[in-house]
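Subject: A structure for you to look at

Hi there,

Here's the structure I promised to pass on. Could you open it up and keep it beside you while you read the rest of this email?

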Amino acid sequence: MRAIIQGGVRPGGTVEVSGAKNSATRLLAAALLTNGTVELTNFPTQLVDVGHKANFVRACGGQVQFDDVANAVTINASDYQCTELDDFDYPIRTTYLLAAGQILRSGIAKIPYPGGCKIGSRGYDLHIMVWERLGCVVEEKPDYIEIRADGGFRGAEIRFPISTVGGTENALLCAAIANGRTEIVNAYITPEIEDLIDLLGRMGAQIEVSGTSHVTVTGRPDLSGTRMAVMPDRIEALTWITYAAMSGGSLLIKNVPFKSMQSPLLYIEAAGIDLLKNADSIYVHPDCIRGGVIQPFEVPCGAHPGVISDMQPFYTMLGLVATGVSRVIDYRYPERVGYVKELARFCPENALKAEIGKITIQGPNRFHAAEATSTDLRGSMALILAALCADGRSVVNDAHMALRGYNGLAAKLAAVGAHMTLEPTAADAAMSE
């Protein structure tokens, strides 16, 4: 998939932030832990990642029904079980979250190997540790990972050597249906994980959080169905704020999750951008930029409650239009700099310098039309933003990466006056055959 973009248009109007990708895909996995029906509202139904995960669930007997108009999904996993598929080639990074539902009904799970963004090493050894601590035998087969747990998961202590979002999510799902009590030590509690804990609690799981990193779960194999709204996507909200500020546009951004964005918004405001806010919306207008100039800044990226690594590319974009030298430092995923080489195609020479863990930006810059290729989800969206701000026709290859995290992206851009057309490529046609 490639994006054809006619840039140079200042956006104007209203855009609504969708449900968070990093919550929605986890809640879908949690819905597999009950034979009852789970309905999730404010759900980003059109995300590529969501579609791949739903296809795997259906292939294994589960029912997943999307309502694109109502932004909702209904899941009934009473027939979801371990299945020997002809093809385990599913481009899902969080495949490990699909194991618990199969273990619940079959005592064995067969899941694809994790796939997704290439932003540095992201192994699944901690997930194997979780399964083994809960009494499983794990075997890595040529086409899939096999997890055996005769009699189901058994409660135990899971002590993570490092803070891990995925490991915490997997541990919560497995512990929620385990026999006995599980303690998760050095858990990483993000807003999206709080959303997961909320849903599991509504389903009947007993989960206690102590402090910011210790979780106790009393397992229950007979969880029930429920209904819940997915939290808004804090990364998408930051994306629209950045786009409005760097393009000179006027955007009313609705459904903003302020509670989970306190630190990111502080850095935006420190760069000289006065954000006009109400209870759940932000308005960005050229008059919001104090003195008409975005100030240079230095932003450290890492873990919540600070600026998370997924937000890093959008501060890079802001730095490109700031007056002076800005620096973006990534402590959590220091190798998340691959997109910078492609982004530089839209910029004057020497505007960007990338090294492991740090990006140095010299601004202000005017973007020019170019052709570039996506390297990862958030980097892909950065390329699209650059193309939107450049005069003339640009092409962003592998734009499907951005569609993994931005629900209804083309329609939202069209609604605020931006021009982006998505075109399938020969590779897309081959994959669909």
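Before you hunt for anything, a word on labels: helices are DSSP runs of H or I with at least four residues, strands are DSSP runs of E with at least two, and both are numbered from the N terminus. Also keep in mind that this is a predicted model.

**Two cis prolines**

With those labels you can place P305, which sits in the loop between β17 (298-302) and β18 (307-308). The peptide bond leading into P305 from H304 is cis, with omega near 15°. Most peptide bonds are trans. There's another cis bond between G363 and P364, with omega at about 0°. Look for P364 in the loop that runs between β21 (358-363) and β22 (371-373).

**Positive phi values**

Most residues other than glycine have a negative phi. N71 isn't a glycine, yet its phi is positive, near 55°. You'll find N71 in the loop between β4 (63-67) and β5 (72-76). Is N71 buried or exposed? Neither, really: its relative accessible area is 30%, so N71 counts as partly exposed.

D398 also has a positive phi, near 55°. D398 belongs to the loop between β23 (392-397) and α12 (400-403), and with a relative accessible area of 30% it's partly exposed.

**Helix α4 and what surrounds it**

Now find helix α4 (residues 125-133) and helix α5 (residues 165-176), which pack with their axes 9 Å apart at an angle of about 25°. An angle under 35 degrees counts as roughly parallel, so α4 is roughly parallel to α5. The crossing of α4 past α5 is right-handed.

Which residues make this contact? From α4 come H127, V130 and W131, and they meet G166, G167, N170, A171 and C174 of α5. Sorted by type, the contact residues are 4 nonpolar, 4 polar and no charged.

Those three α4 residues turn up again when you ask what is buried in the helix: L126, H127, I128, V130 and W131 are its buried residues. An α-helix has 3.6 residues a turn, so residues three or four places apart point the same way. The cover over the buried residues of α4 includes α5, along with α3 (99-106), β6 (108-111), β7 (137-140), β8 (145-148) and β9 (157-159). After α4 comes G135, with a positive phi near 95°.

**Another helix pair**

Helix α1 (residues 21-30) and α6 make a pair too: their axes come within 9 Å and cross at roughly 25°. These two helices are therefore roughly parallel to each other, and α1 passes α6 in a right-handed crossing. On the α1 side you have N22, S23, R26, L27 and A30, which meet E192, D195, L196, L199 and L200 in α6. This contact divides into 5 nonpolar, 2 polar and 3 charged residues.

T190 lies in the loop between β10 (181-185) and α6 (191-202). Its relative accessible area is 4%, so T190 is buried. Not counting neighbours within four places in sequence, T190 is in contact with V165, R234 and H304. You met H304 above, on the cis bond to P305.

**The nonpolar cores**

The largest nonpolar core has 75 residues, and F346, F367 and L409 touch the most other members. Helix α11 (residues 377-389) gives the most to this core, with 10 residues. Try clicking on F367: leaving out residues up to four places away in sequence, it touches M246, M317, L320, V321, F346, C347, A386, C389, A390 and D391. There's also a second, separate core of 72 residues, with L47, I75, L97 and V215 among them.

Finally, take a look at T242 in helix α7 (residues 234-247). What does T242 touch beyond its neighbours within four places in sequence? It's in contact with F314, M317 and L318, and M317 is one of the residues that F367 touches as well. T242 counts as buried, at 2% relative accessibility. T242 and A382 are 140 residues apart along the chain, but 9.9 Å separates their C-alpha atoms.

Have fun with it, and write back if you get stuck!

Note on methods. Residues are numbered from 1 along each chain as its sequence is written. This is a predicted model: local features need pLDDT of at least 70, side-chain atom pairs count only at pLDDT 80 or more; totals for chains, interfaces and linings use all residues. Side-chain values use heavy atoms; hydrogens and water are left out. Axes are lines fitted to C-alpha atoms, for helices over the stretch in contact, and angles run from 0 to 180 degrees between N-to-C directions. Angles under 35 degrees count as roughly parallel, over 145 as roughly antiparallel, 65 to 115 as roughly perpendicular and the rest as oblique. A crossing is left-handed if the near helix is turned anticlockwise from the far one by less than a right angle, and right-handed if clockwise. Contact means heavy atoms within 4.5 Å. Ala, Val, Leu, Ile, Met, Phe, Trp, Tyr, Cys and Pro count as nonpolar, Asp, Glu, Lys and Arg as charged, and the others, Gly among them, as polar. Buried means under 20% relative accessible area, exposed over 50%, partly exposed in between (1.4 Å probe, protein chains only). A nonpolar core is a set of buried Ala, Val, Leu, Ile, Met, Phe, Trp, Tyr and Cys residues joined through side-chain atoms within 4.5 Å.
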